[in-house]
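Student: Please show me the structure, and then we can go through its domains and its nonpolar cores.

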Amino acid sequence: MMDLTNRQWVRHAVTHPMEGFEDMRWKKAGSMKIATGIVLLWFVAAIFYERLYGFQFYTTNDKMFNVIPFIVQTIVIFLTWVVGNWSVCTLLDGEGTMRNIYIYSAYALIPYIASIYIEVLLSHFLIRDEMVFISAVYWIGLLWSGVLIFSAIKSVHQYSVIKTFVAIALTVVAMMIMLFLLVLLLSLFQQVYVFFYSLYTEAAYRLKV
Amino acid sequence: MHKKIQRIAAAACAAVLAGSMLTGLTAAADEHYDVYNYDRWEEAIPSQAGYMATRSVSGDDLGIGDFSEPSDLFRDTEDQLYIVDTKNNRIVVTDAGVTKVIRVMEEFTMPDGSRTKLKAPEGIYVSPESGLIYIADYSNSRVLVTDADGNVQLEVTKPESELFASELTFLPQKVIADKAGNIYIVLGNITTGAAMFDAEGNFKGYYGANTVEATSQVITNYFWKLISTDEMRSRQARTVPTGITNFDLDDEGFIYTCTQSTSQKKDTVKKLNPAGNNLFASLDTSWGDIQSVWDANTSKNYQSMICDIEISDDGNINCLDLTTGRVFQYDEEGNLLFIFGSTSEQLGGFTEVSAVESCGTEILVLDARKNTVTVFEETDFGSIVHEATVLYNDGYYEEALDPWFRVLQYDGNYRRAFLGISAAYLVQGNYKDSMKYAKLADSPYRYNRAFEGYRQEWLSEHMTQLVIGIVLIIAGILVLSWYVKKHHKPNAEYDLTKAAPREEE
């Protein structure tokens, strides 16, 4: 029973918010490859949203494009979510492995990512007065993904509803701490770099004179 | 031999260069400062000069001795130019071109026959309706209303009114009068707006006060005041708006005020209706330079301070910036047209500007330190932009099309030209080009309008194809699903009911 291929599992999980992930867990299904592909698609979608949006809605400054923020807003956020959730839920008797959290969370994002692509597509056919259609697509995608994320975390750790809420809230806190430490680390490294660089310039100057 | 060839080649190059300078280059190259404008992203970009300084006139050139800290300029309807020569206690009246003196006003006859002299006058206004001259006589604490021959009709002094607190000084700096003869006076040290007097000289109240900008400091002060005692409150700095610095009247009777302030960003330029409401409140124009410039030498942030405002006959708004010596010209809707002038010793540069006045195609700027009047003449580029702007603002989009294209020949970065062309094509129903130019102008709003029309047109043209296409696609899907059903073996895909019962863990 339930001998689905990897692709069929994706469809099953997305279209069955209540029991889809439970079934996946039960059959130990889910593919890292597909999950990674989804996250990369999210990254591409974020860039599409910024660069390929219909001109009538808004426009961005061509001179200011930088890819780093998009990487941070999609891939880095996703990875911190996975690591943060794993760290929190390991302490809270969660049963999910890092691999499973990664796969389930990625699958849960599919409606949201799809909604971005649909929005970008629609923005080329609609005018400003009809913007309500675009926001409808956006909210449907967002809510659907929200429900799926909840269901995914609930299934992967075998939590009760309340515990899932707590776990998600704590995960967000953990993500913030991680990002804060990351920024701190980066700025410290930069200072160390500046220190050694000034040592180098000083030495080079002494040698020259 | 070799050197000779080199020399000839160099000479030839120089000749070609010189030739191209004479013919090819446009006005901007003649200015000693970088002419710039702002693009849609509020970044300064090079532009063409709309005005060029042609000459500067001192009092000596006019044969009446040098000016001394002149502080106001005014052109009346008969094209006479009034220069308020503050420290010389006189008013010099010249022709519009500032070439010859018509008369010098120093002494006036009071209604009782006595003679009176000015003392450091700072402002002047000549009513287009009555021809009366209004002089803000600063150190004498009065405003004189006189006819052209120097007979004083009315003397406005510190009002004996309950509305005007008696401890306040009465130091008139600028004066205007509306069509009804009401007199508005900008007073030194008064932040509650311009003092308003009726035609008989009775004090009526204040007009056009600035509002306090809600900066973080103001908000903090407000909360401190809520919890502090009366004694503490009395020692606290009071939150008062900056007083208006200067004003002008347009043909329709609207009063434009400007406020010279380093701290205030809001309300620096206002257009007031008779009720005192600011019609420019919803405008997102930032008057003067958009970014402030940090000067490392003086450790100061240089920010525009609009010290004079003037409405020209065709409705353009000229704002004079004290900090940078620049004139910012806006059209009646607050769109920036040109920036010209600088702080320097050369012609077209200033030390301390005090007043700006327009005169047909010329703009005159008064410098209180150099004691000169500098005449800026409109360039070819300037006149085309003005022509296009006036047509555009009056709604003649199609007529403005040709001038806008000529503007682009001078300056391919001039955003308003792209907007104008887009609007014109939209009116003509040429949606595709309208979209193209809206995109060049970086205007999603205009693009949206053009796209709406384009989509409408496209739909009505391709309706049959569209319907056939949709029908074909639906039919294709139906056929395909039927085919798949027939030839594909069903697996347990979605039949969850048949799923084996879960093992207890």
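**Domains and cores**

Tutor: By an automatic or database assignment, chain B has domain 1 (50-209 + 244-378) and domain 2 (379-482). This is a predicted model, in which local features need pLDDT of at least 70, side-chain atom pairs count only at pLDDT 80 or more, and totals for chains, interfaces and linings use all residues. Residues are numbered from 1 along each chain as its sequence is written, while chains are lettered from A and ligands numbered from 1 in the order in which they are written.

Student: How many residues of domain 1 of chain B are in contact with domain 2 of chain B?

Tutor: Contact requires C-beta atoms, placed from the backbone, within 7 Å. On the domain 2 side of chain B ten residues take part, and on the domain 1 side the number is twelve.

Student: Which helix gives the most to the largest nonpolar core?

Tutor: Such a core joins buried Ala, Val, Leu, Ile, Met, Phe, Trp, Tyr and Cys residues through C-beta atoms within 7 Å; buried means 20 or more other C-beta atoms within 10 Å of the residue's own, with C-beta atoms placed from the backbone. The largest has 110 residues. Helices are DSSP runs (H or I, at least four residues), numbered from the N terminus. With eight residues, the top contributor is chain B helix α7 (residues 415-428).

Student: From which domains of chain B does this core draw at least three residues each?

Tutor: Tyr134(B) is among the residues with the most contacts inside the core. At least three residues come from each of two chain B domains, domain 1 (50-209 + 244-378) and domain 2 (379-482).

Key: A residue is buried if 20 or more other C-beta atoms lie within 10 Å of its own, exposed if 12 or fewer, and partly exposed in between; C-beta atoms are placed from the backbone. Helices (H or I, at least four residues) and strands (E, at least two) are DSSP runs, numbered from the N terminus. Two residues are in contact if their C-beta atoms, placed from the backbone, lie within 7 Å.
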